[in-house]
Amino acid sequence: MTILGFETSCDETAAAIVQDGRKVLSSVVASQIDAHAVFGGVVPEIAGRMHIQAIAGVYHETLVQANLTLDDIDAIAVTHAPGLVGALLVGLNFAKGLAYATGKPLIAVHHLRAHVAANYLSHATLEPPFLCLIASGGHTHIVHVQDYTSFAVIGKTRDDAAGEALDKTARMLGLPYPGGMHLDKLGENGNPNAFTFPRPKVDGVDFSFSGLKTAARNVIVNSQSSMCNEDFAASFQLAVANYLCDNTLRAAAELNCNRIVLAGGVCANSVLRAEMQRRCAAKQIELFMPELRWCGDNAAMVGAQAFYEHRAGNVAGKTLNALPNCPM
């Protein structure tokens, strides 16, 4: 089954064509990073306008890359939730227009489900059940993926997301947007044991990153510019990575699960990847991580999840709308 997918939940306008949920025939992403860098973060109004400007070109380019026409497409998929509602509506309305004009099925895809499915693009043999850590700028969840369309949230953040903590801490250091990737680069040659950060106390395997962010600010302010930024970046990232690993591995032990998957933009972080690899190897737990190109927002992951949604009979109707918040 050949699916054309669209992703416009935040600041990437993306389209992709995916075959049978595993093979990417084409993938195009128009980034808005330069436009939002001036403001130090995503401006929803600007994001929506830029999606409108880019989506038709992205759609045509993904067909050209795959050497296909719309007649070769079996279904249209689109991210409908969660995200910036103005941004979501651009992709949703474009996809709905294509689906209704051609009579092809329309498949609604949840953004977090799509991030999980990014792993199917990198690991041909990966199948549920498994435990997944989803960490991004807006979300931090531990999810038991029982089947391709059956998810149970085991733990989640009570306040800030892991990616937000990394990005805002990077901004405190004066690093450019998006901060997380620059913080990662800065900390490559730093000493990860130079600074000690508190471990938030939350019931179960939930997370809380607001305290870590405040602790980072206090270190920066109290240092009076005398600290080594490289050491600080390495230490803060290790604190975040350890926190994510601790709760994920605790959840895996409670569920007697020996297969862990990472998903979301934060799983591109080199410290998290290395720490999770080390700790899973020590416990003889299988670890799956998407290739770096599938960690951030893209439409290939939408097309991958859409295949399984369609197989489960989850086809959207004409009343499908964008939702800024929606459980998995």
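The following conversation concerns strand S6, the nonpolar cores and the aromatic pairs of a predicted model.

Reader: Let us start with strand S6. Are its residues buried or exposed?

Author: In this predicted model, six of the six residues of S6, which spans residues 130-135, are buried.

Reader: Which residues lie on each side of S6?

Author: Phe 130, Cys 132 and Ile 134 are on one side, while Leu 131, Leu 133 and Ala 135 are on the other. Both faces of the strand are covered.

Reader: How many bridges join S6 to S7, and in which sense do they run?

Author: Six bridges join S6 to S7 (residues 140-147), and the two strands run antiparallel. They form a hairpin, with four residues between them.

Reader: And what about S9?

Author: S6 pairs with S9 (residues 259-263) in the parallel sense, over four bridges. Leu 131 stands opposite His 144 in S7 and opposite Ile 260 in S9.

Reader: Turning to the interior, how many residues has the largest nonpolar core?

Author: That core has 42 residues. Among those with the most contacts inside it are Phe 209, Phe 232 and Leu 244.

Reader: Which elements supply it?

Author: S6, S9 and the helices H5, H7, H8 and H9 each supply at least two residues. H8 (229-255) gives the most, with twelve residues.

Reader: What does Leu 244 touch?

Author: Leaving aside residues up to four places away in sequence, Leu 244 touches Leu 133, Thr 140, Ala 162, Phe 207, Phe 209, Val 266 and Leu 272.

Reader: What other core lies apart from the largest one?

Author: There is another core of 36 residues, including Ala 14, Val 18, Cys 132 and Ala 306.

Reader: A change of topic: how many aromatic pairs are there?

Author: The structure holds 14 aromatic pairs. In one of them, the ring centres of Phe 195 and Phe 232 are 5.8 Å apart.

Reader: Why is that pair edge-to-face?

Author: The planes of the two rings stand at 75°, and an angle over 60 degrees counts as edge-to-face.

Reader: Which parts does the pair tie together?

Author: Phe 195 lies in the loop between H6 and H7 and Phe 232 in H8, so the pair ties together parts 37 residues apart in sequence. Phe 195 is partly exposed, at 23% relative accessible area, whereas Phe 232 is buried, at 0%.

Reader: What about Phe 307 and Tyr 308?

Author: Their ring centres are 5.0 Å apart and their planes are at 85°, so this pair is edge-to-face. Phe 307 counts as buried at 15% relative accessibility, because the limit is under 20%. Ring pairs link these two residues with Tyr 120 and Tyr 148 into a cluster.

Methods:
Residues numbered from 1 in each chain as written. Predicted model: local features only at pLDDT ≥ 70, side-chain atom pairs only at ≥ 80, totals over all residues. Heavy atoms only, no water. Buried < 20%, exposed > 50% of the residue type's maximum accessible area, 1.4 Å probe, protein only. Pairing = 2+ DSSP bridges. Core = buried A, V, L, I, M, F, W, Y, C linked by side-chain atoms within 4.5 Å. Contact = heavy atoms within 4.5 Å. Phe/Tyr/Trp six-rings, centres within 6.5 Å; stacked < 30°, edge-to-face > 60°.
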